[in-house]
Every structure is written in C-alpha cells, then in structure tokens.
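Student: I've got a model open on my screen and a pile of labels I'd like justified. Can we go through them one at a time?

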Amino acid sequence: MTEVSLGRAGAVLSLEASRLARCCSDWYRLMEICGLTDTLVIDEDGVYDPTQDNDRLVLGIKGTMSAAELHWIRSRLWGAKLKKAESGPLRFRPPTGLVYDPAGPIVFDPDEQVQQALRRVFSTFEEVGGRAGVVQDFARNP
C-alpha cells in the first residue's frame with residue numbers, strides 16, 4: 001500500500017483478489033489509491049485500470065460479490081453447526097488443560113505437568129473464595 005501510494009508501483013498483482021475485497025473498506029481504499037497513482041490492478045481474471053470507469057465498475061462488483069460471498073460462507077457454516085448441534089455430534093474445543101477422552105467425556109489433559117498446573121489453578125481458586133463445591137467436584141471428576 002505504501003509503495004502504491006508513493007507512486008512506486010506500476011501494478012498490484014494479486015492472486016485471489018477477492019480475499020482482500022472481503023474487507024470492503026480496504027478494497028475500495030486500494031482502488032482509490034491505485035486510481036490516483038495510475039497503478040494497474042492485475043488478478044487471475046485480467047488487468048484493470050482503476051482510472052477507467054468500466055474497469056473501476058468491474059473491480060467494484062468484484063468487491064461487492066466477494067463481501068456477499070463471505071456472508072454466504074458464514075451462513076452455511078453456521079447452518080451446518082446448528083444442524084450438528086441438533087443431532088448431537090457438535091463438539092467445541094475444551095478449555096486449556098482439558099481434552100476429550102476417546103470415549104467422549106471431557107477429562108484432564110494426559111500430560112502430568114498440565115494436570116498439576118490445572119489442579120493448582122483450582123486449589124488457588126478454592127483458597128481465594130471461589131465456589132468451592134463446584135471446583136472440588138470438577139477437580140476430582142472433570
């Protein structure tokens with residue numbers, strides 16, 4: 001961006017320019033600076049001159065479509081996650097120090113150092129007035 005804004009770049013070469021376009025403000029800022037400094041934009045589909053109305057229109061459409069594509073991807077991922085949650089197999093990464101046992105339940109990490117550190121956290125929490133019953137139960141049987 002600095003080289004482009006200083007007029008030191010003749011072109012911006014990009015593979016998958018749509019990834020940058022997913023952040024519309026960055027994309028349009030780059031297009032504006034390229035237009036001001038007569039810098040071409042090149043991607044796998046072609047060469048674009050942001051000073052030309054038609055090329056600027058195409059670049060704008062690419063930016064808009066990429067932002068929409070990101071929304072669609074997020075929606076699909078969220079839908080898949082909800083479907084897994086409804087049917088039961090959805091699992092999230094457990095907190096640090098805990099892992100899923102091959103049988104399914106959450107247990108302490110098999111690493112002894114990790115277990116000692118986690119037990120120290122629980123005991124310190126207990127000493128400073130945490131909910132001792134909950135902590136003790138979990139520390140004995142995670």
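Tutor: Sure, starting with contact, which means heavy atoms within 4.5 Å. Axes are lines fitted to C-alpha atoms, for helices over the stretch in contact, and angles run from 0 to 180 degrees between N-to-C directions. Helices (H or I, at least four residues) and strands (E, at least two) are DSSP runs, numbered from the N terminus. With that, helix H4 (residues 53-87) lies across E2 and E3, at about 115° to E3. This is a predicted model, where local features need pLDDT of at least 70 and side-chain atom pairs count only at pLDDT 80 or more, while totals for chains, interfaces and linings use all residues. Residues are numbered from 1 along each chain as its sequence is written, and side-chain values use heavy atoms, with hydrogens and water left out.

Student: How do you know that the span of H4 agrees with its 35 residues?

Tutor: The expected span is 1.5 Å times one less than the number of residues. For H4 that gives 51 Å, and the end C-alpha atoms are 51 Å apart, so the two agree. Just after H4, Gly88 takes a positive phi of about 110°.

Student: What makes E1, E2 and E3 a sheet, and which are the edge strands?

Tutor: Two strands pair if DSSP finds at least two bridges between them. Three bridges join strand E2 (residues 40-43) to E3, so that pair passes, and the two run antiparallel. Within it, Ile42 stands opposite Val47 in E3. The whole sheet is open, ordered E1-E2-E3, with mixed pairing. Strand E1 (11-13) and strand E3 (46-48) are the edges, as each pairs on one side only.

Student: Why is the contact between Glu32 and Arg56 called a salt bridge?

Tutor: The term asks for a side-chain nitrogen of Lys or Arg within 4 Å of a carboxyl oxygen of Asp or Glu. Glu32 and Arg56 come to 2.8 Å, N to O, so they qualify. That pair links distant parts of the chain, with Glu32 in helix H3 (residues 24-36) and Arg56 in helix H4, 24 residues apart.

Student: What makes Glu3 and Arg8 qualify as well?

Tutor: Their closest N and O atoms are 3.5 Å apart, so they fall within the cut-off too. A search of the whole structure finds four salt bridges.

Student: Why is Arg8 called exposed, but Glu3 partly exposed?

Tutor: Buried means under 20% relative accessible area, exposed over 50%, and partly exposed in between (1.4 Å probe, protein chains only). Arg8 has 59%, so it counts as exposed. Glu3 has 40%, so it lands in between.

Student: What does the pair Lys62 and Asp45 tie together?

Tutor: Their side chains meet at 2.7 Å, N to O. Lys62 lies in helix H4 and Asp45 in the loop between E2 and E3, so the pair joins parts 17 residues apart in sequence. Salt bridges with shared partners join Asp43, Asp45 and Lys62 into one network.

Student: And what makes a group of residues a nonpolar core?

Tutor: Such a core is a set of buried Ala, Val, Leu, Ile, Met, Phe, Trp, Tyr and Cys residues joined through side-chain atoms within 4.5 Å. The largest one here has 11 residues, including Val4, Trp27, Val41 and Leu59. H3 supplies the largest share, five residues. Leu59 is also among the buried residues of H4, along with Gly60, Gly63 and Ser66.
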